[in-house]
Amino acid sequence: CFSKKALEILDRIGSGEAMRDAGLSWSRGRVFQRENELYSFDLLPEAGHKMPAFINLQQFVLEKELVDRALSTANLDLRWKNRVIGIENGDKRATLTIETPDGPYTLTADRVIACDGARSPLRGMLGLDFPGEIFEEQFLIADVRMRGEYPTERWFWFDPPFHPGGSALLHRQPEDVWRIDLQLPATANAEEEKKPENVRPRIERMLGHANFELEWVSIYKFRCLRLAAFIHHRVIFAGDAAHQVSPFGARGANSGLQDGENLAWKLAAIHHGEAPETLLATYGLERGEAA
């Protein structure tokens with residue numbers, strides 16, 4: 001799920017309309033307890049906005065669009081199969097040691113933005129703690145391909161008849177793919193639960209039929225973790241490298257995009273002499289509060 005704010009950010013680099021048109025737009029959600037609807041909500045009840053409240057779109061579609069935009073940008077160098085294996089983080093410069101199939105090399109930069117994900121090797125190289133809470137509950141996530149009559153809405157159940165004692169989530173995606181999320185007991189065996197012969201009966205109970213194909217299945221636990229500070233000398237952390245949040249409400253990718261937007265204009269203003277270096281401190285403050 002990509003939010004209106006994220007789409008507006010993408011629109012400023014020329015990718016918003018393509019993503020809007022590729023995704024499925026939605027604004028309405030419904031919440032159930034057992035078979036009863038508790039409430040519904042509309043995240044964008046008024047007309048006339050360029051971007052919808054949310055689109056549902058597979059992440060690889062956005063990634064390809066961003067790669068294509070990067071390749072068309074003259075002052076951006078995109079390097080594949082480059083892995084940072086060491087860093088010297090000085091007061092005025094950072095020097096990276098980078099491993100490639102053709103051998104290692106070093107790169108010195110004024111600043112390094114660490115967007116290297118939840119397991120962040122750079123965070124580890126700097127010896128930074130990543131405190132927070134790891135939740136015990138497990139969730140089965142499955143993409144199924146089928147013809148369905150459900151509307152393009154977010155449906156969430158507490159303790160539904162087809163999955164008693166847990167929660168369930170249903171989202172429609174493009175090309176007749178549906179995302180299903182089922183809460184599992186903390187003691188469930190993840191490898192067993194991912195097997196098709198165990199997944200299919202759960203989905204069949206939910207949908208009331210077996211006319212679907214499994215596209216993808218995974219198990220996850222969610223974490224709420226964040227660095228105490230996002231800026232460490234010349235290294236600045238963003239996205240999952242800086243903070244991990246619950247995936248519910250689609251806060252992960254969207255907050256990462258907003259990190260990038262917040263940081264980019266501030267670095268540009270400093271680089272062009274339009275703002276003092278102290279402006280950068282507001283990135284850590286604002287995006288830390290957001291996380």
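**Entry 1: D77**

I started with D77, which sits in the loop between α3 (59–71) and β6 (83–89). I note at the outset that this is a predicted model. Is D77 buried or exposed? D77 counts as exposed, because its relative accessibility is 52% and the cut-off for exposed is over 50%. Next I looked at what its side chain meets. I found a polar contact between the side chains of D77 and R79, at 2.7 Å. I also checked D77 against L66. The two are 11 residues apart in sequence, and their C-alpha atoms are 13 Å apart in space.

**Entry 2: β6 and β7**

From the D77 loop I moved on to β6. I asked in which sense β6 and β7 pair, parallel or antiparallel. They pair in the antiparallel sense, over 6 bridges. The two strands form a hairpin, with 4 residues between them. I picked out one position: R83 stands opposite E99 in β7. As background, I wrote down that strands of a sheet pair through backbone hydrogen bonds.

**Entry 3: the nonpolar cores**

I then looked up the nonpolar cores. The largest one has 26 residues. Which residues have the most contacts inside it? They are V112 and F237. Four elements are listed as giving two or more residues to this core: β7 (94–99), β9 (112–114), β18 (235–237) and α7 (251–271). Of these, α7 gives the most, with 4 residues. So β7 turns up again, this time in the core as well as in the hairpin.

I followed V112 further. Leaving out residues up to four places away in sequence, V112 touches A94, L96, L122, R234, V235 and I236. Apart from this core lies another, of 21 residues. Among its members are A142, W157, W178 and L184.

**Entry 4: helix α1**

Next came α1, residues 4–12. Which of its residues are buried? I noted A6, L7, I9 and L10. Seen down the axis of α1, the buried residues fall within an arc of 155 degrees, so they line one face of the helix. The general rule helps here: an α-helix has 3.6 residues a turn, so residues three or four places apart point the same way. I then listed what covers the buried residues of α1. The cover includes β1 (2–3), α2 (16–22), β5 (54–56), α3 and α7. Just after α1, I found G14 with a positive phi of about 90 degrees.

**Entry 5: the sheet with β16**

I turned to an open sheet of 3 strands, in the order β10-β16-β19, with antiparallel pairing. Which strands are at the edges? They are β10 (132–134) and β19 (243–244), and each pairs on one side only. Strand β16 (residues 223–226) is joined to β19 by 2 bridges, and the two run antiparallel. R226 has H243 in β19 as its bridge partner.

**Entry 6: cysteines**

Last, I checked for disulfides. How many are there? The count comes to 0 disulfides. I looked at C224 to see why. Its sulfur is 17 Å from the closest cysteine sulfur, in C1, which is too far for a bond, since a disulfide needs the sulfur atoms within 2.5 Å. I also looked up accessibility. C224 counts as partly exposed, at 33% relative accessibility. C115 is exposed, with a relative accessible area of 58%.

Terms used: Residues numbered from 1 in each chain as written. Predicted model: local features only at pLDDT ≥ 70, side-chain atom pairs only at ≥ 80, totals over all residues. Heavy atoms only, no water. Buried < 20%, exposed > 50% of the residue type's maximum accessible area, 1.4 Å probe, protein only. Polar contact = N/O pair within 3.5 Å; in protein donor to acceptor, adjacent residues only side chain to side chain. Core = buried A, V, L, I, M, F, W, Y, C linked by side-chain atoms within 4.5 Å. Contact = heavy atoms within 4.5 Å. Pairing = 2+ DSSP bridges. Arc of directions from axis to C-beta.
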